Amino acid sequence: MSSTPPPGWYRDPSYPLTERWWDGTAWTDHRRQPGTPAPPMVPAEPPRRGGSRRARAIALTAAGVVLATAIVAGAVALGRDRGEAAPSTSSPAAGTSAPGGEEPSPSAATDPGVVVDHLNGVTFPVLDGWAAPDSFAEDDAVLITPGTYDCPGDPGLCRHGRVLSRTAAIGEDSSPQALAEGDIEAAAKSQFDRDGVGNRPHGGITSHQVVKTGQVAVAGRAGYFVRWRVITGKGPGGYVQSLAFPSSTGSQAPVIVRFAFDAGPDGPPLSDMDRITKGIRSVGDTATGGGVGSSIGPSH
């Protein structure tokens, strides 16, 4: 892996018109408006009367070159804002691109038994029967079960298990419990109801039941989880879990981890939810994880 970019102001990957502070490990909540480039210098004195037409023509030509250069630079910047790859910068204070040209994504670490989510400052254990995604076409995925199968509902390819990680939006109540309880329905729908193009790979959700809820220690931080059993129109249905906890890096923004397991003999063992949760660590810290209060069990 390439080394992570140093701390500094970079273009905000979620809103390119602003700059965001990268603390060397994760994005923080600190943002600022980028500095406005100085306009091209214009001669303070107009050409003296009697100056030759040739001199005035040269001055106009030079001004035109400056204007054309500014237009090209503006077009390049606009292209970057639209998501095109940006070259790396030599100084992080330049504020023209995010580290590496785009928002840090979960990635496989040097240790094949670990997946690193640099943005949220945590690592995930790769258990037997799981793998790190070889690409991030699977939005926010940090762990997947290898291989796909024909979905039981609308045509498409499904996986038996996914684990996804994302930074939670901060609202009036950003407690882990409120975040987990507010996310679980969306987690269920995104994995077992409709996909991104409106198809129903599992025939839609017909009902659900709460399996477990409770507090849990994650990477040395107090978190909360909600787990549902989902019944679908076709196929065996599955289990979903929303886990919320504060990151231990940067601004300590809340993190939400979603688990989606197929039910039935082909799905991952449900105990893997507990094992993965217990194995989550802060980046660079192999000691933190589950501990006192880390036992997962129902609270009601």
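In the predicted model, six strands assemble into an open sheet with the order E7-E10-E14-E13-E12-E11, and their pairing is antiparallel. The edges of this sheet are formed by strand E7 (141-144) and strand E11 (205-218), each of which pairs on one side only. On average, neighbouring strands of the sheet are turned by 15° against each other, direction ignored.

Within this arrangement, strand E10 (residues 161-167) is paired with strand E14 (residues 254-262) in the antiparallel sense, and seven bridges are found between E10 and E14. Thr 167 has Val 255 of E14 as its bridge partner.

Strand E14 also contributes to an aromatic contact, through Phe 261. One aromatic pair is found when the whole structure is searched. This pair consists of Trp 130 and Phe 261, with 5.3 Å from centre to centre and 40° between the planes, and is classed as tilted. The tilted class applies because planes under 30 degrees apart would count as stacked and planes over 60 degrees apart as edge-to-face. Trp 130 is located in the loop between strand E6 (122-125) and E7, whereas Phe 261 belongs to strand E14; the pair therefore ties together parts that are 131 residues apart in sequence. Both Trp 130 and Phe 261 are buried.

A contact between a charged residue and a ring was also identified. Arg 229 lies over the face of Tyr 239, at a distance of 5.2 Å from the ring centre.

Definitions and conventions:
Residues are numbered from 1 along each chain as its sequence is written. This is a predicted model: local features need pLDDT of at least 70, side-chain atom pairs count only at pLDDT 80 or more; totals for chains, interfaces and linings use all residues. Side-chain values use heavy atoms; hydrogens and water are left out. Two strands pair if DSSP finds at least two bridges between them. Helices (H or I, at least four residues) and strands (E, at least two) are DSSP runs, numbered from the N terminus. Axes are lines fitted to C-alpha atoms, for helices over the stretch in contact, and angles run from 0 to 180 degrees between N-to-C directions. Rings of Phe, Tyr and Trp (its six-membered ring) pair if their centres lie within 6.5 Å; planes under 30 degrees apart count as stacked, over 60 as edge-to-face and the rest as tilted. Buried means under 20% relative accessible area, exposed over 50%, partly exposed in between (1.4 Å probe, protein chains only). A charge sits over a ring if NZ of Lys or CZ of Arg is within 6 Å of the ring centre and within 35 degrees of the ring normal.
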